[in-house]
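I opened this model to look up a few packing details and to write them down in order. My notes follow the display.

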Amino acid sequence: TVASAEFRTNIAFLLGLLGIALVAASWLQVRIGLRPLEQIRTDIERVTYQPGTRLPEDYPTEVRPLAQTINSLLDHQSITLDAARRRAGDLAHGLKTPLTILAAHAADIRVEGNAEQADQIEQQLTAMRLFVVRELARSRASLFRTATTEVGPAAEQMVAAIGKLPGAEIITWNVDVSDGLRAPFDAHDFSELLGNLLDNARKYAKSRVELRCQN
């Protein structure tokens with residue numbers, strides 16, 4: 001009886017150790033098995049805020065097809081966004097010529113002595129231009145609402161480019177940007193916006209331009 005009780009105690013103890021070992025092994029297996037998926041999740045977050053980048057393809061064989069599929073989707077999205085950008089640009093250029101012609105007609109009407117009619121036409125032309133600019137900006141914002149661009153390198157690059165234009169050589173350029181600061185714009189749109197701003201500064205500044213962007 002004593003031997004049987006001792007045997008049952010030993011069996012229970014060994015079964016308990018076996019259960020703990022199985023639980024630990026299962027936890028370790030799940031932990032190791034899910035590690036590639038956690039890495040993919042982290043990489044997807046990075047790609048979301050850095051358009052143009054892709055997932056690496058050095059994942060384990062089991063999850064590599066998933067990364068390749070995601071990269072294919074990102075490539076398709078990039079092509080779609082480029083097409084949308086081109087359509088937006090075509091729209092802007094397509095409307096530019098008719099609006100310019102209408103403005104010239106308004107000027108002719110003013111010369112003919114119909115100032116009131118010319119004013120009405122010019123008011124409508126201004127409203128049309130503002131509408132086009134606003135809608136193009138809105139469409140771009142919706143397309144790239146998750147895109148961000150690091151301000152520092154973009155600012156340095158744009159200042160270097162503007163500094164080569166006529167008249168910029170007499171201007172002292174000072175760029176003060178917080179490290180790691182990101183702007184909620186696509187890189188192309190941010191460069192275009194910043195380039196227009198700095199070009200105006202080049203035209204109207206006398207000796208110095210300060211570009212400061214802080215968190």
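These entries cover a helix pair, the nonpolar cores and two single residues.

Before starting, I noted that this is a predicted model, in which local features need pLDDT of at least 70 and side-chain atom pairs count only at pLDDT 80 or more, while totals for chains, interfaces and linings use all residues. Residues are numbered from 1 along each chain as its sequence is written, and side-chain values use heavy atoms, with hydrogens and water left out.

**Helix pair.** I looked up α4 (residues 151-162) and α5 (residues 187-204), whose axes come within 10 Å and cross at roughly 45 degrees; helices here are DSSP runs of H or I with at least four residues, strands are runs of E with at least two, and both are numbered from the N terminus. The axes are lines fitted to C-alpha atoms over the stretch in contact, with angles running from 0 to 180 degrees between N-to-C directions. The two helices α4 and α5 are therefore oblique to each other, a class left over once angles under 35 degrees (roughly parallel), over 145 (roughly antiparallel) and 65 to 115 (roughly perpendicular) are set aside.

I then listed the contacts (heavy atoms within 4.5 Å): V151, A154, A155, M158, V159 and I162 in α4 meet F190, S191, L194, G195, L198, D199 and R202 in α5. By class, the residues of this contact are nine nonpolar, two polar and two charged; Ala, Val, Leu, Ile, Met, Phe, Trp, Tyr, Cys and Pro count as nonpolar, Asp, Glu, Lys and Arg as charged, and the others, Gly among them, as polar.

**Cores.** I next took the largest nonpolar core (buried Ala, Val, Leu, Ile, Met, Phe, Trp, Tyr and Cys residues joined through side-chain atoms within 4.5 Å), where V151, W173, F190, L194, L198 and L211 touch the most other members out of 17 residues. Its largest share, six residues, comes from α4. Not counting residues up to four places away in sequence, L194 touches A154, A155, M158 and L211. I also found a second, separate core of eight residues, which includes V47, L55, A67 and L74.

**Single residues.** Is T149 buried or exposed? T149, which lies in strand β1 (residues 149-150), is buried, with a relative accessible area of 9%; buried means under 20%, exposed over 50% and partly exposed in between, with a 1.4 Å probe and protein chains only. Beyond its neighbours within four places in sequence, T149 is in contact with A154, L181, R182, A183, F185, D186, A187 and F190.

I last checked P60, placed in the loop between α1 (2-48) and α2 (64-111), and P60 is partly exposed at 36%.
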